[in-house]
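Hi everyone, thanks for coming. I'd like to walk you through one chain today, so please have a look at the sequence and the structure first.

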Amino acid sequence: LESQAETIDLATVIIKTQSQNPQLLAYPFAIREIEALKLQAEQKPLSEVILEVENVAGTGPFKKADSAEVTLSFGQTLELGNKRDKRSAIQSSEQQRLAIEFQVTELQILAEAHRRYLYLLYQQETIDLIQEQVQEVKSALQTTEIRAAAGSILQADVSKMELTLSKLYLKIAETEIEVKRASSRLSVMWLEHRRDLKATGNLSDIPAQIEIADIERLVQGLP
(Lines give C-alpha, C1' and ligand atoms only; values in the text may rest on other atoms or scores of the structure.)
Protein backbone atom coordinates (compact mmCIF):
# COMPACT_ATOMS: atom_id res chain seq x y z
CA LEU A 1 0.00 0.00 0.00
CA GLU A 2 1.24 3.51 -0.84
CA SER A 3 1.79 5.82 2.10
CA GLN A 4 -0.40 8.86 2.42
CA ALA A 5 1.07 12.04 0.93
CA GLU A 6 2.67 14.33 3.51
CA THR A 7 2.76 18.09 3.24
CA ILE A 8 5.93 19.63 4.60
CA ASP A 9 7.14 23.18 5.17
CA LEU A 10 10.68 24.51 5.46
CA ALA A 11 10.67 24.62 9.27
CA THR A 12 9.75 20.92 9.43
CA VAL A 13 12.51 20.10 6.93
CA ILE A 14 15.07 21.83 9.17
CA ILE A 15 13.81 20.12 12.34
CA LYS A 16 13.77 16.64 10.76
CA THR A 17 17.25 17.11 9.29
CA GLN A 18 18.70 18.38 12.57
CA SER A 19 17.29 15.51 14.61
CA GLN A 20 17.64 12.58 12.19
CA ASN A 21 20.42 13.25 9.69
CA PRO A 22 23.01 10.44 10.07
CA GLN A 23 26.03 12.73 9.70
CA LEU A 24 24.80 15.01 12.46
CA LEU A 25 23.83 12.10 14.71
CA ALA A 26 27.42 10.79 14.56
CA TYR A 27 28.87 13.93 16.18
CA PRO A 28 27.48 13.48 19.72
CA PHE A 29 29.26 10.11 19.96
CA ALA A 30 32.54 11.65 18.79
CA ILE A 31 32.16 14.55 21.22
CA ARG A 32 31.49 12.18 24.13
CA GLU A 33 34.56 10.17 23.16
CA ILE A 34 36.69 13.32 23.27
CA GLU A 35 35.20 14.23 26.66
CA ALA A 36 36.12 10.78 28.01
CA LEU A 37 39.67 11.15 26.72
CA LYS A 38 39.89 14.58 28.36
CA LEU A 39 38.81 13.17 31.72
CA GLN A 40 41.36 10.40 31.35
CA ALA A 41 44.07 12.91 30.49
CA GLU A 42 43.31 14.88 33.66
CA GLN A 43 43.77 11.88 35.93
CA LYS A 44 46.95 11.54 37.98
CA PRO A 45 49.09 8.44 37.40
CA LEU A 46 47.90 5.54 39.53
CA SER A 47 49.82 4.68 42.68
CA GLU A 48 51.66 1.36 42.79
CA VAL A 49 51.70 -1.04 45.75
CA ILE A 50 54.58 -3.51 45.77
CA LEU A 51 54.69 -6.53 48.10
CA GLU A 52 58.02 -8.37 48.30
CA VAL A 53 58.54 -11.62 50.22
CA GLU A 54 62.12 -12.84 50.83
CA ASN A 55 63.75 -15.72 52.71
CA VAL A 56 60.56 -17.77 52.75
CA ALA A 57 62.41 -20.95 53.72
CA GLY A 58 64.55 -19.22 56.39
CA THR A 59 68.09 -20.12 57.32
CA GLY A 60 69.57 -21.97 60.27
CA PRO A 61 67.13 -22.05 63.18
CA PHE A 62 64.62 -19.97 61.16
CA LYS A 63 63.47 -22.63 58.72
CA LYS A 64 59.79 -21.78 58.85
CA ALA A 65 57.57 -19.57 56.76
CA ASP A 66 57.00 -17.36 59.80
CA SER A 67 60.58 -16.21 59.44
CA ALA A 68 59.97 -14.83 55.96
CA GLU A 69 60.89 -11.20 55.37
CA VAL A 70 57.98 -9.15 53.97
CA THR A 71 58.47 -5.71 52.48
CA LEU A 72 55.48 -3.48 51.54
CA SER A 73 56.25 -0.37 49.52
CA PHE A 74 54.24 2.36 47.82
CA GLY A 75 55.20 4.22 44.68
CA GLN A 76 53.80 6.80 42.26
CA THR A 77 55.09 8.04 38.94
CA LEU A 78 55.94 11.72 39.05
CA GLU A 79 55.19 13.70 35.89
CA LEU A 80 57.48 16.60 35.16
CA GLY A 81 56.90 19.55 32.88
CA ASN A 82 53.11 19.77 33.44
CA LYS A 83 52.51 16.75 31.23
CA ARG A 84 49.04 16.22 32.68
CA ASP A 85 48.04 19.82 31.92
CA LYS A 86 49.40 19.49 28.40
CA ARG A 87 47.42 16.30 27.78
CA SER A 88 44.27 17.98 29.05
CA ALA A 89 44.92 21.05 26.89
CA ILE A 90 45.33 18.86 23.81
CA GLN A 91 42.00 17.14 24.44
CA SER A 92 40.31 20.49 25.14
CA SER A 93 41.63 21.82 21.83
CA GLU A 94 40.36 18.72 20.03
CA GLN A 95 36.97 19.16 21.71
CA GLN A 96 36.76 22.77 20.51
CA ARG A 97 37.83 21.78 16.99
CA LEU A 98 35.16 19.09 16.87
CA ALA A 99 32.50 21.50 18.14
CA ILE A 100 33.37 24.02 15.41
CA GLU A 101 33.44 21.28 12.80
CA PHE A 102 29.99 20.16 13.93
CA GLN A 103 28.58 23.69 13.62
CA VAL A 104 29.99 24.09 10.11
CA THR A 105 28.78 20.66 9.01
CA GLU A 106 25.34 21.28 10.47
CA LEU A 107 24.95 24.54 8.55
CA GLN A 108 26.13 22.91 5.32
CA ILE A 109 23.72 19.99 5.69
CA LEU A 110 20.82 22.29 6.58
CA ALA A 111 21.61 24.47 3.58
CA GLU A 112 21.53 21.37 1.35
CA ALA A 113 18.18 20.34 2.85
CA HIS A 114 16.95 23.88 2.17
CA ARG A 115 18.04 23.64 -1.47
CA ARG A 116 16.35 20.26 -1.94
CA TYR A 117 13.15 21.60 -0.42
CA LEU A 118 13.20 24.56 -2.82
CA TYR A 119 13.83 22.26 -5.79
CA LEU A 120 10.80 20.15 -4.84
CA LEU A 121 8.71 23.30 -4.52
CA TYR A 122 10.00 24.51 -7.91
CA GLN A 123 9.02 21.26 -9.66
CA GLN A 124 5.56 21.38 -8.08
CA GLU A 125 5.01 24.94 -9.26
CA THR A 126 6.28 23.95 -12.71
CA ILE A 127 3.45 21.41 -12.97
CA ASP A 128 0.94 24.07 -11.92
CA LEU A 129 2.20 26.41 -14.63
CA ILE A 130 2.09 23.71 -17.32
CA GLN A 131 -1.45 22.79 -16.31
CA GLU A 132 -2.46 26.42 -16.75
CA GLN A 133 -0.91 26.31 -20.23
CA VAL A 134 -2.86 23.12 -20.96
CA GLN A 135 -6.12 24.88 -20.16
CA GLU A 136 -5.19 27.80 -22.42
CA VAL A 137 -4.21 25.51 -25.32
CA LYS A 138 -7.37 23.40 -24.92
CA SER A 139 -9.48 26.54 -25.09
CA ALA A 140 -7.56 27.73 -28.16
CA LEU A 141 -7.88 24.28 -29.74
CA GLN A 142 -11.66 24.38 -29.45
CA THR A 143 -11.71 27.75 -31.20
CA THR A 144 -9.32 26.48 -33.87
CA GLU A 145 -11.46 23.39 -34.55
CA ILE A 146 -14.55 25.57 -34.98
CA ARG A 147 -12.75 27.87 -37.42
CA ALA A 148 -11.32 24.91 -39.33
CA ALA A 149 -14.80 23.39 -39.65
CA ALA A 150 -15.99 26.71 -41.05
CA GLY A 151 -13.14 26.66 -43.55
CA SER A 152 -11.54 29.86 -42.29
CA ILE A 153 -8.27 28.12 -41.38
CA LEU A 154 -6.52 24.93 -42.46
CA GLN A 155 -6.81 21.58 -40.70
CA ALA A 156 -3.02 21.70 -40.35
CA ASP A 157 -3.48 24.50 -37.82
CA VAL A 158 -5.63 22.19 -35.73
CA SER A 159 -2.95 19.49 -35.93
CA LYS A 160 -0.34 21.95 -34.68
CA MET A 161 -2.48 22.84 -31.67
CA GLU A 162 -3.06 19.16 -30.92
CA LEU A 163 0.70 18.51 -31.10
CA THR A 164 1.34 21.41 -28.71
CA LEU A 165 -1.21 19.95 -26.27
CA SER A 166 0.42 16.50 -26.47
CA LYS A 167 3.81 17.99 -25.70
CA LEU A 168 2.41 19.74 -22.64
CA TYR A 169 0.90 16.49 -21.35
CA LEU A 170 4.27 14.80 -21.87
CA LYS A 171 6.00 17.61 -20.00
CA ILE A 172 3.60 17.17 -17.07
CA ALA A 173 4.34 13.43 -16.93
CA GLU A 174 8.10 14.07 -16.97
CA THR A 175 7.83 16.73 -14.28
CA GLU A 176 5.71 14.46 -12.07
CA ILE A 177 8.55 11.91 -12.18
CA GLU A 178 11.02 14.65 -11.23
CA VAL A 179 8.77 15.68 -8.33
CA LYS A 180 8.97 12.14 -6.95
CA ARG A 181 12.75 12.16 -7.34
CA ALA A 182 12.99 15.52 -5.60
CA SER A 183 10.80 14.23 -2.77
CA SER A 184 13.02 11.18 -2.35
CA ARG A 185 16.23 13.25 -2.37
CA LEU A 186 14.77 15.57 0.25
CA SER A 187 13.47 12.88 2.62
CA VAL A 188 16.76 10.96 2.54
CA MET A 189 18.25 13.89 4.46
CA TRP A 190 16.52 12.43 7.54
CA LEU A 191 16.80 8.72 6.59
CA GLU A 192 13.38 8.33 4.99
CA HIS A 193 12.43 7.42 1.45
CA ARG A 194 9.31 9.39 0.58
CA ARG A 195 8.31 9.96 -3.05
CA ASP A 196 5.06 11.68 -2.15
CA LEU A 197 6.13 14.73 -0.12
CA LYS A 198 4.35 17.94 -1.01
CA ALA A 199 6.27 21.08 -0.17
CA THR A 200 4.18 24.00 1.03
CA GLY A 201 5.06 27.60 0.37
CA ASN A 202 5.59 29.94 -2.54
CA LEU A 203 8.80 30.43 -4.46
CA SER A 204 8.04 34.12 -4.88
CA ASP A 205 8.34 34.53 -1.09
CA ILE A 206 11.77 32.83 -0.91
CA PRO A 207 15.14 34.42 -1.82
CA ALA A 208 16.63 33.26 -5.11
CA GLN A 209 19.95 32.48 -3.42
CA ILE A 210 20.45 30.63 -0.15
CA GLU A 211 23.06 32.01 2.21
CA ILE A 212 24.46 30.29 5.30
CA ALA A 213 23.40 33.32 7.33
CA ASP A 214 19.79 32.69 6.22
CA ILE A 215 20.00 29.14 7.55
CA GLU A 216 21.46 30.37 10.84
CA ARG A 217 18.60 32.84 11.29
CA LEU A 218 16.04 30.16 10.46
CA VAL A 219 17.57 27.68 12.94
CA GLN A 220 17.69 30.31 15.69
CA GLY A 221 14.03 31.06 15.12
CA LEU A 222 12.91 27.46 15.58
CA PRO A 223 11.44 26.36 18.95
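Let me begin with a question: does Val134 count as buried or exposed? Keep in mind that this is a predicted model. Val134 counts as buried, because its relative accessibility is 4%, and the cut-off for buried is under 20%. This valine is found in helix H3, which covers residues 83–149. If we set aside residues up to four places away in sequence, Val134 touches Leu165, Leu168, Tyr169 and Ile172. Take Tyr169 as one of these: Val134 and Tyr169 are 35 residues apart along the chain, yet 7.6 Å separates their C-alpha atoms.

Now let's step back to the whole chain. Starting from the N terminus, the order of elements is β-α-α-β-β-α-α-β-α, which gives five helices and four strands. The chain has 223 residues, and 26% of them count as buried. Among contacts with a separation of 6 or more, 74% come from residues 24 or more positions apart. The exposed area is about 15400 Å², with carbon and sulfur atoms supplying 55% of it.

Next, helix H4. Its 33 residues, 155–187, reach 49 Å from the first C-alpha to the last, close to the expected 48 Å. The buried residues of H4 include Val158, Leu165, Leu168, Ile172, Thr175 and Val179. As a reminder, an α-helix has 3.6 residues a turn, so residues three or four places apart point the same way.

On to the nonpolar cores. The largest one has 20 residues, and Val13, Tyr117, Leu120, Leu186, Trp190 and Leu197 touch the most other members. H1, H3, H4 and strand S4 each supply at least two residues of this core, and H3 gives the most, with eight. Apart from it lies another core, of ten residues, and here we meet Val134 again, along with Ile130, Ala148 and Leu165 among others.

Back to Trp190 for a moment. Leaving aside neighbours within four places in sequence, Trp190 is in contact with Ile8, Val13, Lys16, Thr17, Gln20, Asn21 and Leu197. One of those partners, Asn21, sits in the loop between helix H1 (10–20) and helix H2 (22–42). Asn21 counts as buried because its relative accessibility is 4%. A polar atom of the Asn21 side chain lies 3.0 Å from the backbone nitrogen of Gln23. Beyond its neighbours within four places, Asn21 is in contact with Lys16, Ile109, Met189 and Trp190.

Finally, the charged pairs. How many salt bridges does the count come to? The count is six. One of them joins Arg194 and Glu6, with the closest N and O atoms 3.0 Å apart. Arg194 is in the loop between H4 and S4 and Glu6 is in strand S1, so this pair ties together parts 188 residues apart in sequence. Arg194 is buried at 15% relative accessible area, whereas Glu6 is partly exposed at 22%.

Another links Lys16 with Glu192, at 3.8 Å between the closest N and O atoms. Because Lys16 lies in helix H1 and Glu192 in the loop between H4 and S4, the pair ties together parts 176 residues apart in sequence.

Glu178 and Arg181 make a salt bridge too, with the closest N and O atoms 3.5 Å apart. These two are three residues apart in helix H4, which means about one helical turn separates them. And salt bridges that share partners join Glu6, Arg194 and Asp196 into one network.

That's my tour, so over to you for questions!

Definitions and conventions: Residues numbered from 1 in each chain as written. Predicted model: local features only at pLDDT ≥ 70, side-chain atom pairs only at ≥ 80, totals over all residues. Heavy atoms only, no water. Buried < 20%, exposed > 50% of the residue type's maximum accessible area, 1.4 Å probe, protein only. Contact = heavy atoms within 4.5 Å. Areas by Shrake-Rupley, 256 points an atom, 1.4 Å probe, with all protein chains shown as cover. Expected span 1.5 Å × (residues − 1). Polar contact = N/O pair within 3.5 Å; in protein donor to acceptor, adjacent residues only side chain to side chain. Core = buried A, V, L, I, M, F, W, Y, C linked by side-chain atoms within 4.5 Å. Salt bridge = Lys/Arg side-chain N within 4 Å of Asp/Glu carboxyl O.
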